[in-house]
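I wanted a few notes on how the chains fit together and on some odd backbone spots. Here is the model I had open while writing.

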There are 4 protein chains.
Amino acid sequence: MQLGMVGLGRMGANMVGRLLKQGHQCVVFDMSPQAVQQLTAESATGSTSLADLVAKLEKPRAVWLMVPAAVVDSTIAQVAPLLEPGDTLIDGGNSYYIDDIRRSKELASKGIRYIDVGTSGGVWGLERGYCMMIGGPNAEVQRLDPIFKTLAPGPGDIPRTPGRAEASGTSELGYLHCGESGAGHFVKMVHNGIEYGLMAAYAEGLGILRSANIGKTSGVIDAETTPLRNPEHYQYDFNLAEVAEVWRRGSVIASWLLDLTAAALIEDPALAKFQGRVSDSGEGRWTITAAIDEAVPAPVLTTALYERFSSRGDADFQNKLLSAMRYQFGGHLEK
Amino acid sequence: MQLGMVGLGRMGANMVGRLLKQGHQCVVFDMSPQAVQQLTAESATGSTSLADLVAKLEKPRAVWLMVPAAVVDSTIAQVAPLLEPGDTLIDGGNSYYIDDIRRSKELASKGIRYIDVGTSGGVWGLERGYCMMIGGPNAEVQRLDPIFKTLAPGPGDIPRTPGRAEASGTSELGYLHCGESGAGHFVKMVHNGIEYGLMAAYAEGLGILRSANIGKTSGVIDAETTPLRNPEHYQYDFNLAEVAEVWRRGSVIASWLLDLTAAALIEDPALAKFQGRVSDSGEGRWTITAAIDEAVPAPVLTTALYERFSSRGDADFQNKLLSAMRYQFGGHLEK
Amino acid sequence: MQLGMVGLGRMGANMVGRLLKQGHQCVVFDMSPQAVQQLTAESATGSTSLADLVAKLEKPRAVWLMVPAAVVDSTIAQVAPLLEPGDTLIDGGNSYYIDDIRRSKELASKGIRYIDVGTSGGVWGLERGYCMMIGGPNAEVQRLDPIFKTLAPGPGDIPRTPGRAEASGTSELGYLHCGESGAGHFVKMVHNGIEYGLMAAYAEGLGILRSANIGKTSGVIDAETTPLRNPEHYQYDFNLAEVAEVWRRGSVIASWLLDLTAAALIEDPALAKFQGRVSDSGEGRWTITAAIDEAVPAPVLTTALYERFSSRGDADFQNKLLSAMRYQFGGHLEK
Amino acid sequence: MQLGMVGLGRMGANMVGRLLKQGHQCVVFDMSPQAVQQLTAESATGSTSLADLVAKLEKPRAVWLMVPAAVVDSTIAQVAPLLEPGDTLIDGGNSYYIDDIRRSKELASKGIRYIDVGTSGGVWGLERGYCMMIGGPNAEVQRLDPIFKTLAPGPGDIPRTPGRAEASGTSELGYLHCGESGAGHFVKMVHNGIEYGLMAAYAEGLGILRSANIGKTSGVIDAETTPLRNPEHYQYDFNLAEVAEVWRRGSVIASWLLDLTAAALIEDPALAKFQGRVSDSGEGRWTITAAIDEAVPAPVLTTALYERFSSRGDADFQNKLLSAMRYQFGGHLEK
């Protein structure tokens, strides 16, 4: 079927590539004419403006936005007036689901349908397919099913979950209509919150393995430092790349994130090209906000988020304050 | 090659089964004659006592203990006097690595080698193979390589980690000599610590999804309860089994634990047969002890452990104390 | 000076009592005529409606709202039309500072000033005075200084902070103009966030002391439970009430919350009248939201909040999920 | 009564000073003759060696060790052979209670009594008195009561806890016999664990206040950073020194640690002389070990400890690993 794609960055361009390969028609637009040209070379129909893109689409139109979260609203403001009742607008980026709820209402008043799609798979999606979590009105989601089916990974060689009836729904194909507007990005938001927790679990565990040779270094002896009581218990020089590799093979903690960890560690066990200033995107934060609104305890996910804040120096003032208190009550000087 | 197996519970029996199928010889012993009989029916050589088992093994002997952690030491006390210099004792259970260090020294003084093997894979190991983390003297570990190779999953269809040289070591086959005595159980210990963190991350995230319909229930209005400010943002009835399924397909958080989660949720989305009193075995606790000894922050892993403690009511007194303080300063009554 | 007080619950009535004793004039209103009558018996001027209250106040009027957070907005909606440019409205309750920002703008458009006052001291305020954190336009806060000074504790016998110049500002008297609209409730919000953290610290510590005799109970021996390795280290039966008392005397952790803890424990060391379902008001939650917006790590404050959620059973589903996963991979049954 | 004091650092010397003022006799020793001389100038009896100190004490002797935790055992090894059955040895430092249990057994076999005293109050103890938590055999603790009573703060002007009978025990005077050997240091250990939690709660809260002006800085706009949705809610420039001061006055979170915080902030609100590398002594770590052994959840205390680890860079490797994973799955570069 036909789809208009706005935003031809890595994600958008790869999605168009995947759609074209399966015989879909794509009308594409990007601020960069080069990005457009690159895809017209692959059988996509190029366009020179949003108006041109809309004009080239058959009704009812389907326009997929794959632009940075910060410019989704301004892009909608430009494209919505060009659309007609019955058309559908899809946001495939990392929007906050609360924005989806608002947008879907605003657009509905003009007869335009709005679909929110949370997409996981990152740079690997072109090859593996995109795991998609979808929110919005059922009829429109059904209408676009051919698009979703093509973008999704499909069943591949992942074994069926025991207990599932055969051919039950689309989740086995890697996409799911999760619910009303915002549902797609809500599920994607929590997905990312979980991702932070998983990543932190591996990082902490590997950190513990890495320091398992701490008994070899003679500790400083002063009043401010507790000596290690049993240095003979910490004499191990573990090869983290090998450990990550063996865990990929039949252990309970095998996962795709572990696969990536193993790849990073085999490339450079010292991870020297990284400084350890870990970014966080909005989803992790919004997940915690939801947890608190719902009164659902999420200490692991929250802690994982805070570790990222701290990695960027955002705990520095607090730490100074702790040192200042220690100085006040005990005359302790920093080391 | 030949192996003596002591302890024919689910794990030990399955391991023997796997070894026999690949042509190894196994002399087996268990307190239960039925357990022994079941394996002699499958070509294992039975024995009626530890002495009988030792007598039936060729020198240098290799005796694998697959017994509960609590009886490893008493079993060693019985079997060690029957062994001779050059023999090897393997503990494949869930021992604390600090016990391994002690045991290996004690046994070395008698010329007996000691190998510690941390094993992951649980009830799935028979079919999938066992991921093994091994500690102990290199020569003995090499000697037993045929056993480890057979018990391990092998390469299977798990793709090679990008950047790895071909055929580089055994980790790709699912077993790894991690280091000196205790190294195997140390790595397994941290593996389980990570496991707790991963499990908690999924559980918290799915908990947040499950309560995403909290806006539908009219909240109690009283001075003790904050009303939900935006109930319209929490109107989603998510199908957790379908969400877990879709995440298995190309998402960043795909993992074996997620596979199991999907299976549990498809069986019963309400998880009605569980009460939520979550056990913890020693490894999670020992992981934290190591983190603290090493001064490596592990807030995610620790929090995951504490969530288990709390699930069993171990925070009840603390909570009463909080209510008591609130009553003292504000006259607040519990709801 | 003259003040109108709306809302004569425990807090409002006590404040009026404190003001009357120092010679201020109070015009009071409450939905309950008895509450009004009780204070007119103490020289307050009663009123029968908001209109009556407003009519009895001299211009420029000052009307203090001391009503539940949930009805502040509806009360403002009723009283604001009765006021005139130059009048001042004070919210002394537990409003979200974001509501203050909105209200102050709305009221400013009618020439009415709005002051937000966060008040700490609970049921003890009548006797000790109220610690007040104030936000709003400077001129109005200055105008009401006599009211704040009377409600506040004053210097009392609390020693001057070393390094402070003499008579420097009002903070030594127990009230502080913190900044523009919302500043008072922002500071009070964080105050409560800290309160949660402090309370949890005491509760956890006392919980550890309480279980210091765990070595006396013979543990269950099964595969699901780790035996305590050193029961001889946990043979203490601590008297928590005495411990809390001694800590009040010269220790680093002496505090008012500890005073209250000591009082609660001397009354009943078993805290039998409490169930341990700990409420949380909005401030703790909003504190975390602010921390996340600011990217300031607040793991202690957040954890303290989550412990409260869990105390009310809000982690039950997560815990079931953990048990379900354990059953899936290891066949572990709950105990 | 008479006491021998070994170790005349800040703590030991101040204690002797306090004892001398109340008419007790002190025989003192230190490796530094100057330290001895300084106290003989104040009516203490000096000694030139441990043997000399022991010789100058009347039987049954009482020798108080006030030396760094790391040298307590070696000091005991020197002094114990000089003592006789019926003598008492007191460790007033920061020993691990497990060492107390061992020492008391070893010394008991020689007829020497051992008392462990956890002491809080830091550099303020000379003036305020020392809060003491005492473990050991009851008869010896009673015998030394005059010493404890003099070192302790006494009732001072701290109000009696409501509900306490008059003159009930010594806890109101600031010292407490907590139980058998190790009990004193166990209670002191948990005291310090709580201290870490309290300190972290204040530090996090003040950190949130400090960043409450984050809406004033225009955020970077890129794909890696979530823009602050409501900058207008974060426009406050709080004066932290004033806020800490006002909280000292009648608020629920008033405490001695807050007094110190206020002092530190008035001296320098920027805390410029601190780097924020926060030390931790053993007690915080041992508290967590006890919590885990007892299966008592202590997430707040543990998190506070981990924040200190992180402040010293001990999370750096973990953070690099997180960045490496993000690079692997999303091509994200560190900022």
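These are my entries, going from chain pairs to helix contacts to backbone details.

**Entry 1: what I am looking at**

I'm working from a predicted model, so I keep in mind that local features here need pLDDT of at least 70.

**Entry 2: chains C and D**

I started with the symmetry of this pair. A turn of 180 degrees, with a shift of 0.0 Å along the axis, lays chain C on chain D at an RMSD of 0.0 Å. That is what a two-fold axis does. Which residue of chain C comes closest to the rotation axis? I found C:Ser255 there, its C-alpha at 1.9 Å.

Next I looked at the contact. Chain C puts in 89 residues and chain D puts in 89 residues. I noted a buried area of about 7500 Å² between chain C and chain D, with 68% of it from carbon and sulfur atoms. On the chain C side, C:Ile208, C:Arg249 and C:Val252 give 11% of the area buried against chain D, more than any other three residues. I also checked whether the two sides match up: 100% of the interface residues of chain C are interface residues in chain D too, so the copies meet through the same surface.

**Entry 3: chains A and B**

I ran through the same list for this pair. Chain B superposes on chain A with an RMSD of 0.0 Å after a rotation of 180 degrees and 0.0 Å of shift along the axis. In chain B, B:Ser255 comes closest to that axis, at 1.9 Å by its C-alpha.

How many residues are in contact here? I wrote down 89 residues of chain B against 89 residues of chain A. The area buried between chain B and chain A is about 7500 Å², and carbon and sulfur atoms account for 68%. The residues of chain B that lose the most area to chain A are B:Ile208, B:Arg249 and B:Val252, together 11% of what that side buries. Again 100% of the interface residues of chain B are interface residues in chain A, so these copies meet through the same surface.

**Entry 4: a helix contact between chains B and C**

Then I followed helix α9 (residues 183-210) of chain B to helix α14 (residues 316-330) of chain C. They pack at about 135 degrees, with axes 9 Å apart. Angles from 65 to 115 count as roughly perpendicular and those over 145 as roughly antiparallel, which makes α9(B) oblique to α14(C). The crossing of α9(B) and α14(C) is right-handed.

I listed some of the residues that meet: from α9(B) they include B:Met199, B:Tyr202, B:Leu206 and B:Arg210, and from α14(C) they include C:Phe317, C:Leu321, C:Met325 and C:Phe329. The residues of this contact of α9(B) with α14(C) come out as 10 nonpolar, 2 polar and 4 charged.

**Entry 5: helix contacts inside chain A**

I went back to α9 within chain A. Helix α9 (residues 183-210) of chain A packs on α11(A) at about 45 degrees, with the axes 11 Å apart. That makes α9(A) oblique to α11(A), and the crossing is right-handed. On α9(A) the contact uses A:Glu195, A:Leu198, A:Met199, A:Tyr202 and A:Leu206; on α11(A) it uses A:Leu257, A:Leu258, A:Thr261 and A:Leu265. I sorted the residues of the contact of α9(A) with α11(A) into 7 nonpolar, 1 polar and 1 charged.

Parallel or antiparallel for helix α4 (residues 72-79) and helix α5 (residues 97-108) of chain A? The axes come within 12 Å and cross at roughly 5 degrees, which makes α4(A) roughly parallel to α5(A). A:Val72, A:Asp73 and A:Ile76 in α4(A) meet A:Arg102, A:Arg103 and A:Leu107 in α5(A). I counted 3 nonpolar, no polar and 3 charged residues in the contact of α4(A) with α5(A).

**Entry 6: backbone oddities**

Most peptide bonds are trans, and most residues other than glycine have a negative phi. I noted some exceptions. A:Lys59 and A:Pro60 are joined by a cis peptide bond, omega about -10 degrees. A:Pro60 sits in the loop between α3 (50-55) and β4 (62-65) of chain A. D:Lys59 and D:Pro60 also share a cis peptide bond, with omega about -10 degrees, and D:Pro60 is in the loop between α3 (50-55) and β4 (62-65) of chain D.

Last, A:Leu271 is not a glycine, yet has a positive phi of about 50 degrees. I located A:Leu271 in the loop between α11 (256-267) and α12 (282-294) of chain A.

How values were computed. Residues are numbered from 1 along each chain as its sequence is written. Chains are lettered from A and ligands numbered from 1 in the order in which they are written. This is a predicted model: local features need pLDDT of at least 70, side-chain atom pairs count only at pLDDT 80 or more; totals for chains, interfaces and linings use all residues. Side-chain values use heavy atoms; hydrogens and water are left out. Copies are superposed by least squares on the C-alpha atoms of residues with pLDDT of at least 70 in both. Contact means heavy atoms within 4.5 Å. Axes are lines fitted to C-alpha atoms, for helices over the stretch in contact, and angles run from 0 to 180 degrees between N-to-C directions. Helices (H or I, at least four residues) and strands (E, at least two) are DSSP runs, numbered from the N terminus. Angles under 35 degrees count as roughly parallel, over 145 as roughly antiparallel, 65 to 115 as roughly perpendicular and the rest as oblique. A crossing is left-handed if the near helix is turned anticlockwise from the far one by less than a right angle, and right-handed if clockwise. Ala, Val, Leu, Ile, Met, Phe, Trp, Tyr, Cys and Pro count as nonpolar, Asp, Glu, Lys and Arg as charged, and the others, Gly among them, as polar. Buried area is the accessible area (1.4 Å probe) that two parts lose on being put together, summed over both.
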